[in-house]
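Reader: I would like to know what stands behind the terms used for this model. Please take the core, the cavities and the pocket in turn.

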Amino acid sequence: MHDPAHASAPIPVQPSRYPTPRSASLRVLFTCWTVLTPVAAQAQQPAPQPIETPIGLIYRPQPAPSSYDAEAAPEDEGLAGAKMGIADNNTTGRFTKQTFSLDAVALSDDKPDAVAAARELAAKGVHYLVLALPADAVLAVADAVKDTGAVVLNAGAPDDRLRGADCRSNVFHILPSRAMLTDAIAQYLTVMRWRKVFLIFGPTEADKAYAEAVRNSARKFALKITAEKPWTFGPLAKARGDTPTRAEAMVFTRGLDYDMAIVADEEGDWGDYVSYRTVDPRPVGGTQALTSTTWSPVLETWGAAQAQNRFRRLASRLMRPLDYQAWAAIRTVGEAVTAKKTNDPAVLTPYLVDPAFNLPAYKGVSLSFRPWDHQLRQPVIVVQPKALVSVAPEQGFLHQRTPLDTLGVDLPETTCKFK
């Protein structure tokens with residue numbers, strides 16, 4: 001018998017496992033749209049424009065070394081490091097459409113004026129100037145180009161006053177200050193518990209400045225300077241034979257109580273003479289013997305060996321501290337340009353003191369600039385001529401920001417007031 005209720009009920013239809021031709025076409029179109037839309041959007045965006053960044057280097061070539069002086073500075077000291085920095089910048093720049101060039105000016109008797117050289121470079125559109133010059137020249141150049149927006153990178157003057165009362169807002173310091181260098185020695189003495197120091201200082205203004213930095217470091221790390229004496233025997237380290245003053249120099253240390261002699265001889269005239277000539281057997285450090293520095297051929301960790309080998313292929317010699325400092329200055333510009341995709345100094349100057357900026361520099365940590373005096377934070381290596389002895393900051397020296405700020409003048413003590 002026919003049931004009307006069942007007659008009106010719909011007959012269930014099982015969905016097909018296969019799409020109809022129309023649904024398949026829609027699915028293909030939707031897939032293509034989702035895949036190609038980002039590609040089309042990227043195609044509409046303008047390609048990054050090439051960036052060309054010239055960097056200037058102003059330096060004074062060293063006189064040709066004597067044949068017997070293997071430690072004398074080579075004529076291209078600093079220049080060779082800058083060239084390697086440019087090569088490294090361009091290696092990265094190949095992928096980012098950025099190119100870097102070096103415009104080097106060698107000062108001489110015929111061209112002695114660093115300010116004139118800097119103004120000439122700035123007039124050519126060079127907005128980044130690396131200086132391997134003394135402190136007074138750094139200040140003169142910084143003041144001369146401040147209205148052009150140029151950035152000065154100090155690669156050669158360790159003077160603390162450049163980071164203090166004589167600081168300039170357009171100057172960034174690549175090499176450590178004297179305070180950082182002597183703090184590194186003082187930290188090592190503290191770790192070794194060699195707390196009594198005999199300070200010997202030379203006659204030059206640089207020697208006296210280094211000696212004052214030693215005194216400040218001794219106070220900072222609770223070392224005791226048990227004796228101080230000026231060196232009055234002349235450049236015995238450069239003498240090639242015995243002299244009448246040798247006997248007097250040998251008894252120079254008689255009757256003193258100290259753990260280590262610290263010499264302040266930045267010219268290298270006599271500091272090397274002190275080792276092995278003290279009355280009592282004591283180590284020697286400071287500007288000679290056990291030294292603190294940015295770079296040494298004995299540094300081979302953290303990828304430094306690879307940098308040492310590349311430099312040797314480029315310059316046919318070993319890399320020296322000034323070479324490293326010039327390289328780091330060039331790389332500072334390269335890192336900033338790469339990160340901000342511009343070479344405008346108005347953009348890069350504030351970025352250099354931003355916490356986001358960092359410079360990989362074969363020191364085990366990335367380096368950054370202190371906002372209060374524009375000093376590049378960095379580990380300082382403590383070396384003797386044939387071996388790495390230690391690295392400052394030493395373990396156990398802590399700081400609320402970074403242990404690197406245990407070296408040099410900290411924010412509460414700074415006398416730098418940027419205008």
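**Core, cavities and pocket**

Author: The model is a predicted one. Leaving aside residues up to four places away in sequence, Val130 touches Ile55, Gly56, Leu57, Ile58, Leu153, Ala155, Ala329 and Ile330.

Reader: What makes Val130 a residue that "touches" Ile55?

Author: Contact means heavy atoms within 4.5 Å. Ile55 is among the residues that Val130 touches, so the pair has heavy atoms within that cut-off.

Reader: Which residues have the most contacts inside the largest nonpolar core, and how many residues does this core have?

Author: The largest nonpolar core has 48 residues, and Ile55, Val130, Leu153 and Trp295 have the most contacts inside it. Elements that each supply at least two residues of this core include β1 (51-59), α3 (79-96), β3, β4 and α11 (321-340). With 10 residues, α11 gives the most to this core.

Reader: Why are Leu199 and Val382 put in another core?

Author: A core is joined through side-chain atoms within 4.5 Å. Leu199 and Val382 belong, with Ala218 and Leu290 among others, to a core of 25 residues that lies apart from the largest one. It is therefore counted as a core of its own.

Reader: What makes Val138 of α5 "buried"?

Author: Buried means under 20% relative accessible area. Val138 is listed as buried in helix α5 (residues 135-145), as are Ala135, Ala137, Leu139, Val141, Ala142 and Val145, so each has a value under that limit. The cover over these buried residues includes α4 (114-123), β3 (128-132), β4 (151-154) and β5 (171-173).

Reader: Why is the space of about 90 Å³ called a cavity?

Author: In a cavity a 1.4 Å probe fits but cannot get out. The space of about 90 Å³ is the largest cavity, so the probe has no way out of it. Its lining includes Thr182, Leu189, Tyr210 and Ile262, and α6 (178-192) and α7 (205-220) each supply at least two of the lining residues.

Reader: How do you know which residue in the lining of the second largest cavity is the charged one?

Author: Asp, Glu, Lys and Arg count as charged. The lining consists of Ile200, Trp231, Ala249, Phe252, Thr253, Tyr273, Val274, Arg277 and Thr278, and 1 residue is charged. The charged residue is therefore Arg277.

Reader: What is the make-up of the lining of the second largest pocket, by class?

Author: That lining divides into 4 nonpolar, 8 polar and 9 charged residues. Asp160, Ala179, Asn216, Gly408 and Val409 lie nearest the pocket's centre. Gly408 counts as polar, because Gly is placed in that class.

Terms used:
Residues are numbered from 1 along each chain as its sequence is written. This is a predicted model: local features need pLDDT of at least 70, side-chain atom pairs count only at pLDDT 80 or more; totals for chains, interfaces and linings use all residues. Side-chain values use heavy atoms; hydrogens and water are left out. On a 1 Å grid over the protein atoms alone, a cavity is a set of points where a 1.4 Å probe fits but cannot get out, and a pocket is an open set with protein on both sides within 12 Å along at least five of seven lines; lining residues have an atom within 4 Å of a point. Grid points are joined across faces, edges and corners, and a volume is the space filled by probe spheres set on the points. Helices (H or I, at least four residues) and strands (E, at least two) are DSSP runs, numbered from the N terminus. Buried means under 20% relative accessible area, exposed over 50%, partly exposed in between (1.4 Å probe, protein chains only).
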